[in-house]
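Welcome, and thanks for taking a look at this one. Please keep the sequence and the 3D view open side by side while you read the short tour below.

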Amino acid sequence: MENENKKSEVEALKEKLFSSPKHASKILSEEKIKKADKFCEKYKTFLDNAKTEREAVKEAVTIAKENGFEKYSKNKKYKAGDKFYYINRGKAIILCTMGTDSLDNGVKINAAHIDSPRIDLKQHPLYEDNELALFKTHYYGGIKKYQWTTIPLALHGVVIKGNRDKIIVNIGEDENDPVFCITDLLPHLATNQMKRTLNEGVKGEELNILVGSRPFKDDKGSELVKLNIMKILNEKYGIIEDDFLSAELEAVPAFKAKDIGFDRSMVGAYGQDDRVCAYTALRAAIKCDKPKKTCITVLADKEETGSDGNTGLNSSFLKYFIFDLAKAHDCEGTTVISNSECLSADVNAAFDPTFPEVNDSRNSSRINYGVVVTKYTGSRGKSGTSDASAEFTGKIRNLLDTAGVIWQTGELGKVDEGGGGTVAMYIANLNIDVIDVGVPVLSMHAPYEITSKIDVYMAYKAFVTFFNE
Ligand code: MN
Ligand code: MN
């Protein structure tokens, strides 16, 4: 008897003192889990409709307009509760809801990115080789190249013609559309290829997309398959070969978002890094009616290539937006920025039991354990990270706990195993408090990435909580 009492004392003390993360479905009610599942139905639709940064902006505008957002006008003085959006070059968007507080007290920013790893066409893409028509490509972002062969690809993007007319391309998504494909060697003849390292298994210049195989009929001459493809493109889009020079054409996986598992607990789709945070941030932005602080949601481009470029967050577009807003409301831009706070809404790598060796299991995130708060990213001794302060981390911890948001911490792999970065450091460099908050993902950067529906919902909850503090 005495022994049993002692045991319970130990248990009670452990419960009080030890950290004990739990599977979210053990904490949540059946009703809440159903809510999460329902939330992800529209999320899957968004993923299917927004496979590129431009399409994500378009979808965001549609959803924002439906929810009372208007186009931003630079010198306008807005009142609390006003909602507006600003588009940067069709590839990034800022959504803003004015708060009741003065801008001088700072704004709340939620920053996600809407570009994902993919296969871009080169400027001279189309060629014919042995009576096959192919596209030369240059991959975008960090990919394992072998994963992008022998899967159906769709082609998305824009072509600016010689007269500057803009042609929107989206082919491979409709049930009746053709798709495209990068070929790979059959195993029977891959003896030498199989000796290459996985990194070199398929090389960058081998990522050639097959786009046709029938020659232009009733004629003699060379490059007739290429000619036939060019003729089809000319008839469909009115373009000539030189128009590829001023185009942004992106090959992305053609498959649709689906439930994963017998229990349908997960979402499988292309581009969940970081459209999972973009979508949940967007939904949080429209859920924000008359906040205390002005709430800004930025969905940025170029994160996957280091955030450089005028649509990425290493540029000044967010800063300029805030400065302009401050000026129109008789506030000082630097004061507004310096008092602001930001969630860098980006995914983290979930622990994968098939590859446990890359993680410190005590510090890696797990799917179904809630939204991940990542204090620091980077690699090689925290290089390339903003590393949120204990104070700001503590603030976010308190905020999420108080609101009942299920969350966990995460680190991107073991020390010196590799690493990666987010937009957090570029925002921190503006003198803003920032921490990474996002969804854990399995198979990140693969053509098909996996998230847990409960985690997606918890990310949404976290963003809503942050804005409505
Ligand atoms: Mn990301
Ligand atoms: Mn990424």
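## Cysteines, metals and salt bridges

Cys342 is buried, with a relative accessible area of 0%. Please keep in mind that this is a predicted model.

Let us stay with the cysteines for a moment. How many disulfides does the structure hold? The count is zero. For Cys342, the closest cysteine sulfur belongs to Cys295 and lies 12 Å away, which is too far for a bond. Cys277 is also placed too far for a bond, because the closest cysteine sulfur, that of Cys342, is 12 Å from its own. A disulfide calls for two cysteine sulfur atoms within 2.5 Å. Cys277 is buried too, at a relative accessible area of 0%.

Next comes helix α6, which covers residues 272–286. This helix has 15 residues and spans 20 Å from its first C-alpha to its last, close to the 21 Å expected at 1.5 Å a residue. Is α6 mostly covered or mostly open? The helix is mostly covered, with 14 of its 15 residues buried.

Helix α6 also leads us to the metals. Which residues donate to the manganese ion (ligand 2)? Its protein donors are Asp273 through OD, Glu304 through two OE entries, and His445 through NE2, and they lie 2.1 to 2.6 Å from the ion. Along the sequence, these donor residues follow the spacing D-x30-E-x140-H. Asp273 sits in helix α6, while Glu304 belongs to the loop between β14 (294–300) and α7 (317–328), so the pair ties together parts that are 31 residues apart in sequence. Both Asp273 and Glu304 are buried. There is a second manganese ion to find as well: ligand 1 and ligand 2 are 3.4 Å apart, and Asp273 coordinates both.

Now for the charged side chains. The count of salt bridges comes to 27, and the table shows three of them.

| Salt bridge | N to O distance |
|---|---|
| Glu206 and Arg196 | 2.9 Å |
| Asp387 and Lys375 | 2.8 Å |
| Lys382 and Asp387 | 2.8 Å |

Salt bridges that share partners also join Glu41, Lys44, Asp259, Arg264 and Lys453 into one network.

Take the pair of Glu206 and Arg196, joined by a salt bridge with its closest N and O atoms 2.9 Å apart. Both residues lie in the loop between β9 (181–182) and β10 (209–212), ten residues apart. Glu206 is partly exposed, with a relative accessible area of 31%, and Arg196 counts as partly exposed at 28%.

Asp387 appears in two rows of the table, meeting Lys375 in one salt bridge and Lys382 in another. Asp387 and Lys375 are both found in the loop between β17 (371–374) and α9 (390–403), twelve residues apart. How exposed are these side chains? Asp387 is partly exposed at 25% relative accessibility, Lys375 is partly exposed at 31%, and Lys382 is partly exposed at 40%.

Finally, turn the model to look at its surface. Which residues make a nonpolar patch there? Leu13, Leu17 and Phe18 do, and the patch is about 340 Å². Leu17 has its place in helix α1 (residues 2–17). With 58% relative accessibility, Leu17 counts as exposed.

How values were computed: Residues are numbered from 1 along each chain as its sequence is written. Chains are lettered from A and ligands numbered from 1 in the order in which they are written. This is a predicted model: local features need pLDDT of at least 70, side-chain atom pairs count only at pLDDT 80 or more; totals for chains, interfaces and linings use all residues. Side-chain values use heavy atoms; hydrogens and water are left out. Helices (H or I, at least four residues) and strands (E, at least two) are DSSP runs, numbered from the N terminus. The expected span of a helix is 1.5 Å times one less than its number of residues. Buried means under 20% relative accessible area, exposed over 50%, partly exposed in between (1.4 Å probe, protein chains only). Donors are N, O and S atoms within 2.8 Å of the metal (3.2 Å for Na, K and Ca); water is not among the atoms, so sites may look incomplete. Patches are made of residues with over 30% relative accessible area and no salt bridge: like charges are joined within 9 Å, nonpolar side chains (Val, Leu, Ile, Met, Phe, Trp, Tyr) within 5 Å. Accessible areas come from the Shrake-Rupley method with a 1.4 Å probe; for residues, only the protein chains shown count as cover. A salt bridge is a side-chain nitrogen of Lys or Arg within 4 Å of a carboxyl oxygen of Asp or Glu.
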